Amino acid sequence: MFSRSTGIPDMRFINRELPIIQVALALEIRPGQNGNLHCWHPDRHQHGDRTASVGIRRSNNTVKC
C-alpha cells in the first residue's frame with residue numbers, strides 16, 4: 001500500500017482495493033436510508049443534510065455531493 005522508496009501511499013491501490021463505503025464508515029460518516037451518505041459538512045446544507053445527499057459511485061469508487 002505504500003511505496004517502499006518514498007513512503008507515499010499507493011493511491012492507485014487504495015482506490016482499486018479499498019471500497020469508499022468502508023472508508024466512510026471508518027470515518028463515522030453516517031449512511032442514509034437511500035443508500036447515500038450524509039455529508040460530513042452538514043452546516044453547508046440548508047437543513048443540515050437531513051436526507052443523505054452524498055452519492056456513492058461504485059463504478060469508480062468515488063463519492064459526489
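What radius of gyration does the chain have, and what would a compact globule of 65 residues have? The chain has 14 Å, while a compact globule of 65 residues would have a value near 11 Å. Keep in mind as you look around that this is a predicted model. Let's walk through it topic by topic.

**Overall layout**

- The chain holds 2 helices and 2 strands, and from the N terminus on, these elements follow the order α-α-β-β.
- Helix α1 covers residues 11-17, α2 covers 20-26, β1 covers 55-57 and β2 covers 62-64.
- Measured out along its principal axes, the C-alpha trace spans about 45 × 25 × 15 Å.
- Of the 65 residues, 18% count as buried.
- The chain exposes about 5400 Å², and carbon and sulfur atoms supply 52% of that area.
- If you take the contacts between residues at least 6 apart in sequence, 16% of them join residues at least 24 apart.

**How confident is the prediction?**

- The mean pLDDT of the chain is 86, and 91% of its residues reach 70 or more.
- Confidence is highest in β1, at a mean of 93, and lowest in helix α1, at 83.

**Leu37 and the nonpolar core**

- A good residue to find is Leu37, which sits in the loop between α2 and β1.
- Is Leu37 buried or exposed? Its relative accessibility is 1%, so Leu37 counts as buried.
- Leaving out residues up to four places away in sequence, Leu37 touches a list of residues that includes Ile21, Ala24, Ile29, Pro31, Asp49, Val54, Ile56 and Val63.
- Leu37 also belongs to the largest nonpolar core, whose 6 residues are Ala24, Ile29, Leu37, Cys39, Val54 and Ile56.
- Val54, another member of this core, is in contact with Leu37 and Cys39, and also with residues including Trp40, Val63 and Cys65, once neighbours within four places are set aside.
- For a sense of distance, Pro9 is 28 residues from Leu37 in sequence, and their C-alpha atoms are 25 Å apart.

**Two residues with positive phi**

- Most residues other than glycine have a negative phi.
- Asp49 has a positive phi, near 55°, and its place is in the loop between α2 and β1.
- With a relative accessibility of 4%, Asp49 counts as buried.
- Asn61 also has a positive phi, near 60°, and lies in the loop between β1 and β2.
- Asn61 is buried because its relative accessible area is 16%, under the 20% cut-off.

**Cysteines without a disulfide**

- A disulfide is a covalent bond between the sulfur atoms of two cysteines.
- How many disulfides are there in this model? The count comes to 0.
- Why is there no bond between Cys39 and Cys65? The sulfur of Cys39 has its closest cysteine sulfur in Cys65, at 4.6 Å, which is too far for a bond; a disulfide needs the two sulfur atoms within 2.5 Å.
- The surroundings of these cysteines are worth a look too: Cys39 is buried, with a relative accessible area of 13%, whereas Cys65 is exposed, with 60%.

Note on methods
Residues are numbered from 1 along each chain as its sequence is written. This is a predicted model: local features need pLDDT of at least 70, side-chain atom pairs count only at pLDDT 80 or more; totals for chains, interfaces and linings use all residues. Side-chain values use heavy atoms; hydrogens and water are left out. Helices (H or I, at least four residues) and strands (E, at least two) are DSSP runs, numbered from the N terminus. Buried means under 20% relative accessible area, exposed over 50%, partly exposed in between (1.4 Å probe, protein chains only). Contact means heavy atoms within 4.5 Å. A nonpolar core is a set of buried Ala, Val, Leu, Ile, Met, Phe, Trp, Tyr and Cys residues joined through side-chain atoms within 4.5 Å. pLDDT is the predictor's confidence in each residue, from 0 to 100. The radius of gyration is taken over C-alpha atoms; the globule rule is 2.2 Å times the number of residues to the power 0.38. Accessible areas come from the Shrake-Rupley method with a 1.4 Å probe; for residues, only the protein chains shown count as cover.
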